[in-house]
Amino acid sequence: MLSLRSKARAVAGVVPKRRYGVGADVAYIALTTAGWLAGNLLGILGCVVAMFIVISHGHVDTFFLHLDNLASRYNAADLGRRATFEHQLVQVFAVVLRLTLAVRGPVFVSRLRRTLREGQGA
């Protein structure tokens with residue numbers, strides 16, 4: 001049986017929001033953010049693969065020759081040079097990740113806020 005308030009909302013065309021609580025919102029924010037971060041990380045790693053493809057002019061044999069050259073030089077290097085290379089690689093990756101998150105972050109946050117405000121998230 002509908003209450004008087006529910007009948008009035010139905011006549012006015014107002015659809016009540018379905019809100020499941022703060023826990024559902026927190027879970028939605030956590031899962032959405034984790035998926036967004038994973039997508040950004042995979043995109044950055046894909047850019048590294050694309051760089052090797054561009055260097056090899058799209059030829060598969062040349063692509064794997066470049067990777068083999070990089071791997072053989074890494075294996076032949078002493079521990080100090082390996083550590084320097086790994087440090088530089090991590091630093092470049094961190095800078096690119098920060099830039100990507102800074103550029104894409106505001107759009108993600110505004111979309112997340114809009115979704116939660118409209119009650120579509122959880």
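Let's start in the loop between helix 2 and helix 3, where helix 3 covers residues 60–76. His57 lies in that loop. Its phi is near 60 degrees. That is a positive value in a residue other than glycine. Is His57 buried or exposed? His57 counts as exposed, because its relative accessibility is 67%. Bear in mind that this is a predicted model.

Step back one element. Ile53 is found in helix 2. Ile53 is partly exposed, with a relative accessible area of 41%. Which residues does Ile53 contact, leaving aside its neighbours within four places in sequence? Gly58 and Phe63. There is also a distance to check on your screens. The C-alpha atoms of Ile53 and His66 are separated by 9.5 Å. Those two residues are 13 apart along the chain.

Now the overall layout. The protein has four helices and zero strands. Read from the N terminus, the elements run α-α-α-α. There are 122 residues, and 14% of them count as buried. The exposed area of the protein is about 9600 Å². Carbon and sulfur atoms supply 67% of that area. Next, contacts. Take those in the protein with a separation of 6 or more: 66% of them come from residues 24 or more positions apart.

Let's look at individual positions, starting with helix 2. Thr32 is found there. Why is Thr32 classed as buried? Its relative accessible area is 18%, and buried means under 20%. What does the side chain of Thr32 do? One of its polar atoms lies 2.7 Å from the backbone oxygen of Tyr28. Now leave out residues up to four places away in sequence. Thr32 then touches Phe108, Arg111 and Leu112.

Stay in helix 2 and move along to Asn40. Asn40 is buried too, since its relative accessible area is 3%. Again, set aside the neighbours within four places in sequence. Asn40 is in contact with Thr100, Leu101 and Arg104.

That takes us to Leu101. The place of Leu101 is in helix 4, residues 79–118. Leu101 counts as partly exposed, because its relative accessibility is 24%. What does Leu101 contact, beyond its neighbours within four places in sequence? The list is Trp36, Leu37, Asn40 and Pro106. So we meet the Asn40 contact from the other side, as the Asn40 list includes Leu101. One more distance here. The C-alpha atoms of Leu101 and Leu41 are separated by 9.8 Å. Along the chain, Leu101 and Leu41 are 60 residues apart.

Last topic: the largest pocket. How much space lies in the largest pocket? About 390 Å³. The general idea is simple. Rolling a probe the size of a water molecule over the atoms shows where empty space is left. The largest pocket is lined by 13 residues. Which of them lie nearest its centre? Val48, Met51, Phe52, Leu89 and Val92. As for the elements involved, helix 2, residues 22–55, supplies at least two residues of the lining. Helix 4 also supplies at least two. And the chemistry of the lining? It divides into 12 nonpolar residues, one polar and no charged.

To recap. His57 sits in the loop between helix 2 and helix 3 with a positive phi. Thr32 in helix 2 touches Phe108, Arg111 and Leu112. Asn40 in helix 2 is in contact with Thr100, Leu101 and Arg104. The largest pocket has helix 2 and helix 4 each supplying at least two lining residues, and no charged residue appears in that lining.

Notes:
Residues are numbered from 1 along each chain as its sequence is written. This is a predicted model: local features need pLDDT of at least 70, side-chain atom pairs count only at pLDDT 80 or more; totals for chains, interfaces and linings use all residues. Side-chain values use heavy atoms; hydrogens and water are left out. Buried means under 20% relative accessible area, exposed over 50%, partly exposed in between (1.4 Å probe, protein chains only). Contact means heavy atoms within 4.5 Å. On a 1 Å grid over the protein atoms alone, a cavity is a set of points where a 1.4 Å probe fits but cannot get out, and a pocket is an open set with protein on both sides within 12 Å along at least five of seven lines; lining residues have an atom within 4 Å of a point. Grid points are joined across faces, edges and corners, and a volume is the space filled by probe spheres set on the points. Ala, Val, Leu, Ile, Met, Phe, Trp, Tyr, Cys and Pro count as nonpolar, Asp, Glu, Lys and Arg as charged, and the others, Gly among them, as polar. A polar contact is a pair of N or O atoms within 3.5 Å; within protein, one must be able to donate a hydrogen and the other to accept it, and residues adjacent in sequence count only if both atoms are side-chain atoms. Accessible areas come from the Shrake-Rupley method with a 1.4 Å probe; for residues, only the protein chains shown count as cover.
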